[in-house]
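Please look over the sequence and the structure shown below, and then read the report that follows with the picture open beside it.

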Amino acid sequence: MAQLTMRDALNQALSEELARDENVFLMGEEVAEYQGAYKVTRGLLERFGAKRVIDTPITELGFAGLGIGAAMAGLRPIVEFMTFNFSILATDQIINSAAKMLYMSGGQFKIPIVFRGPGGSAYQVSSQHSQALESWFAYFPGLKVVMPSTPADAKGLLKSSIRDDDPVIFIEQERMYGMKGEVPEDADFTIPLGVADIKREGSEATIIARSLMVPIALQAADELEKQGISCEVIDPRTIRPLDIDTIVESVKKTNRVVIAEESHPFCSVGAEIAAQIAERAFDYLDAPARRVSGADVPMPYAKNLEKLAIPGVEQLVAAVREVSYL
Amino acid sequence: MGNQTTESSTAKPRGTAGSAALIETDMPNGKGVSGAQPGKAAATEPLSEDKDTLLALFQQMLLIRRFEEKCAESYALGKIGGFCHLYIGQEAVGVGAISAIRPDDYVLTSYREHGQAIAKGISPEAVMAELFGKATGCSRGKGGSMHLFSNEVNFLGGHAIVGGQIPLATGVAFASKYKETDQVTLCFFGEAAVNQGAFHESLNLAQLWKLPCIYICENNQYGMGTSLERAMSVQSVAQKACAYEIASEFVDGMDVIAMRHATERAVERARKDYLPTLIEARTYRYMGHSMSDPGNYRTRAEIEKYQERDPIKLFTAALKANDIIDDQKIAKFEAGIKEQVEKSVRFADESPEPDSGELYTNIYAESWQD
């Protein structure tokens with residue numbers, strides 16, 4: 001085990017998979033000579049050369065579609081969006097081509113491609129550069145959606161995503177690149193997609209959190225423990241396919257659930273999880289499932305307003321107390 | 001302009017019999033561009049192919065024409081559902097271009113693709129069965145008219161968002177270069193797709209990275225009901241290649257031999273030097289945009305004017321002039337093709353619908369079948 005930042009764990013995953021399979025290549029804006037806008041791709045151009053680590057023009061629809069076409073012809077592209085905010089320009093190709101190709105070709109053309117990059121809230125970059133888009137992508141059958149919350153998960157899940165034969169949306173949290181953690185160094189270390197992780201065991205309430213909300217949920221659980229409430233923290237890690245069984249098992253045990261997310265509440269992944277819990281574990285609930293979401297507003301610039309728009313420890317503590325009728 | 005060919009700077013249509021008959025309004029306006037207007041007496045393209053090749057081209061165009069007529073009939077009978085975009089009038093473009101590539105080369109195209117699918121080697125049976133929504137269809141009944149696929153013959157789809165196939169084709173060409181094969185990719189699209197960002201983003205990448213993609217714009221002069229003049233500020237599609245220094249040609253899309261030769265030149269550039277080409281094929285569709293289009297935006301006289309230069313009619317005349325074909329032979333071909341088309345309908349009719357379990361297969365690759 002080595003102590004690595006999220007950024008370096010992702011870099012290691014990219015480097016190992018580029019070394020493992022020559023059909024894997026990486027393309028995106030500033031990934032090569034600039035070494036990555038967030039330095040996730042640092043050193044890869046030097047190691048693997050310009051054929052496999054490719055700087056693109058700012059042309060998201062074009063290079064996303066080009067990557068999908070390359071996947072149709074047998075390559076395994078990794079397409080970096082400098083941030084997922086820019087993936088919005090590429091959604092026609094991601095949704096209409098990548099997600100549906102296998103189905104509408106009657107199973108003839110699989111699309112092994114990873115679209116990755118930072119998403120979620122960033123620091124004071126206002127409305128167009130600070131938003132959570134996972135519910136968009138998770139909506140479509142044919143796409144897989146992955147959101148790691150620790151450096152080890154980031155490495156293991158990215159390696160699995162690159163080896164996966166389906167299109168994977170891999171959303172890294174912009175604020176978490178510097179976060180450190182233990183990371184296995186074994187080149188065969190992977191984490192399967194579709195398997196949730198219990199980040200903390202507990203017995204009296206379940207907090208379901210992903211990405212940036214995981215460390216916040218763990219802090220809230222620490223605080224709640226001091227207040228005498230034992231919380232279980234579950235990180236689905238993969239939004240689609242969703243490991244609903246692990247979530248339902250936990251809810252059956254604790255009978256209370258809070259879902260934390262950075263995204264807007266309306267039509268969110270949290271709404272889907274709450275609906276599935278209602279369908280599958282309604283009789284086990286001692287209180288309605290409670291969501292703690294980002295504010296239902298475009299992200300503001302001012303520091304104080306931005307802070308209000310993103311859920312924090314206090315809101316999670318209050319929500320768990322609320323479902324515990326305290 | 002280092003990579004530009006002579007063709008791109010002169011942009012004269014090449015063609016067999018009838019090129020000179022093109023009237024001025026058929027041509028791009030070439031606003032502010034010199035050389036975009038064709039010469040009044042364009043050189044005729046000699047038939048340099050052997051007899052068998054010429055007859056194969058003729059039969060393929062005729063097969064596609066009769067197949068599409070049968071599609072219209074089957075649509076009226078309710079056997080084909082959804083959207084159905086017919087290729088009648090444009091056969092020379094797909095047949096001529098695809099005749100210039102190898103079986104292992106790739107084709108990607110739009111939703112008006114029945115003819116190109118057949119030209120690339122998907123059987124009429126498998127295409128008709130797909131249109132009928134049957135399990136034996138080339139996409140197993142899941143794609144329909146707009147999404148024909150075959151990995152056996154490298155036909156990588158029918159794509160139904162205007163221009164959506166252009167970045168995909170660019171990526172297929174990227175893969176050929178990456179794998180250092182000499183396969184080329186043909187990418188067909190209508191002129192309306194040229195106004196999409198996907199077209200421009202793709203051409204920029206193709207020339208920037210030198211990708212063996214041949215972009216073939218089938219300029220049939222209408223994007224659904226909107227004429228070219230109402231949709232495009234500069235109506236010469238071929239001239240748009242200048243913005244990317246891509247070699248380009250303006251071709252008489254009613255002339256199958258001209259299409260074949262233009263594509264051959266592009267294929268040579270693509271195979272030898274990994275260079276893209278933009279071909280503008282001026283053509284015309286006789287039917288509506290889709291089966292539900294009454295065509296009120298144009299006159300019967302306009303359609304008839306183009307039918308005088310029908311690609312099958314022109315090619316028949318050229319073949320007759322060269323003593324390659326006569327009416328007796330044509331009648332024999334017609335009879336054989338009629339039977340072939342009838343057979344495809346019988347096959348589609350008799351084929352089973354997809355099993356209801358197919359609803360949930362092929363969403364993810366766990367169920368992917370080699």
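## Two helices that cross

In this model, which is predicted, helix α9(A) passes α10(A) in a right-handed crossing. Two packed helices are described by the angle between their axes and by the distance between those axes. For this pair, helix α9 (residues 244-254) of chain A packs against helix α10 (residues 269-281) of chain A at an angle of about 60°, and the two axes are 10 Å apart. On the side of α9(A), the contact is made by Ile244(A), Ile247(A), Val248(A), Val251(A) and Lys252(A), while α10(A) brings Ile273(A), Gln276(A), Ile277(A), Arg280(A) and Ala281(A). Sorted by class, the residues of this contact are 7 nonpolar, 1 polar and 2 charged.

## The loops before these helices

The loop between β12 (238-240) and α9 of chain A holds Pro241(A), and the peptide bond that leads from Arg240(A) to Pro241(A) is cis, with omega near 0°. Most peptide bonds are trans, and most residues other than glycine have a negative phi. The second part of that statement is the background for Cys267(A), whose phi is near 60°, a positive value in a residue other than glycine. Cys267(A) belongs to the loop between β13 (257-260) and α10 of chain A. Is Cys267(A) buried or exposed? Cys267(A) counts as exposed, because it has 12 C-beta neighbours inside 10 Å, and a residue with 12 or fewer is placed in that class.

In chain B, Tyr274(B) likewise has a positive phi, near 50°, and is a residue other than glycine. Its place is in the loop between α9 (256-273) and β8 (277-282) of chain B. Tyr274(B) is buried, because 20 other C-beta atoms lie within 10 Å.

## Chain A as a whole

Stepping back to the whole chain, the secondary structure of chain A comes to 12 helices and 14 strands. The radius of gyration of chain A is 19 Å, close to the 20 Å that the globule rule gives for 326 residues, so chain A is as compact as a globular protein of that length. Taken along the principal axes, its C-alpha atoms fill a box of roughly 60 × 45 × 40 Å. Of the 326 residues in chain A, 57% count as buried. Among the contacts in chain A with a separation of 6 or more, 79% come from residues 24 or more positions apart.

Chain A is divided into domain 1 (2-183) and domain 2 (197-323), and the C-alpha centres of these two domains of chain A lie 26 Å apart. Where they meet, 24 residues of domain 1 of chain A are in contact with 24 residues of domain 2 of chain A. On the side of domain 1 that touches domain 2, at least two residues each are supplied by α6 (134-138), β6 (144-146), α7 (151-163) and β7 (168-173) of chain A.

## Where chain A meets chain B

The contact between the chains takes 33 residues from chain A and 35 residues from chain B. On the side of chain A, the elements that give two or more residues are α3 (60-72), α4 (91-98) and α5 (101-104) of chain A, and α3(A) gives the most, with 10 residues.

The table sets out two contact sides by class.

| Contact side | Nonpolar | Polar | Charged |
|---|---|---|---|
| Chain A, touching chain B | 15 residues | 14 residues | 4 residues |
| Domain 1 of chain A, touching domain 2 of chain A | 10 residues | 10 residues | 4 residues |

Terms used:
Residues numbered from 1 in each chain as written. Chains lettered and ligands numbered in written order. Predicted model: local features only at pLDDT ≥ 70, side-chain atom pairs only at ≥ 80, totals over all residues. Contact = placed C-beta atoms within 7 Å. Helix = DSSP H or I, 4+ residues; strand = E, 2+ residues; numbered from the N terminus. Nonpolar A, V, L, I, M, F, W, Y, C, P; charged D, E, K, R; others polar. Rg over C-alpha atoms; globule rule 2.2 N^0.38 Å. Domains from an automatic or database assignment. Axes fitted to C-alpha atoms, helices over the stretch in contact; angles between N-to-C directions. Left-handed = near helix turned anticlockwise from the far one by under 90°.
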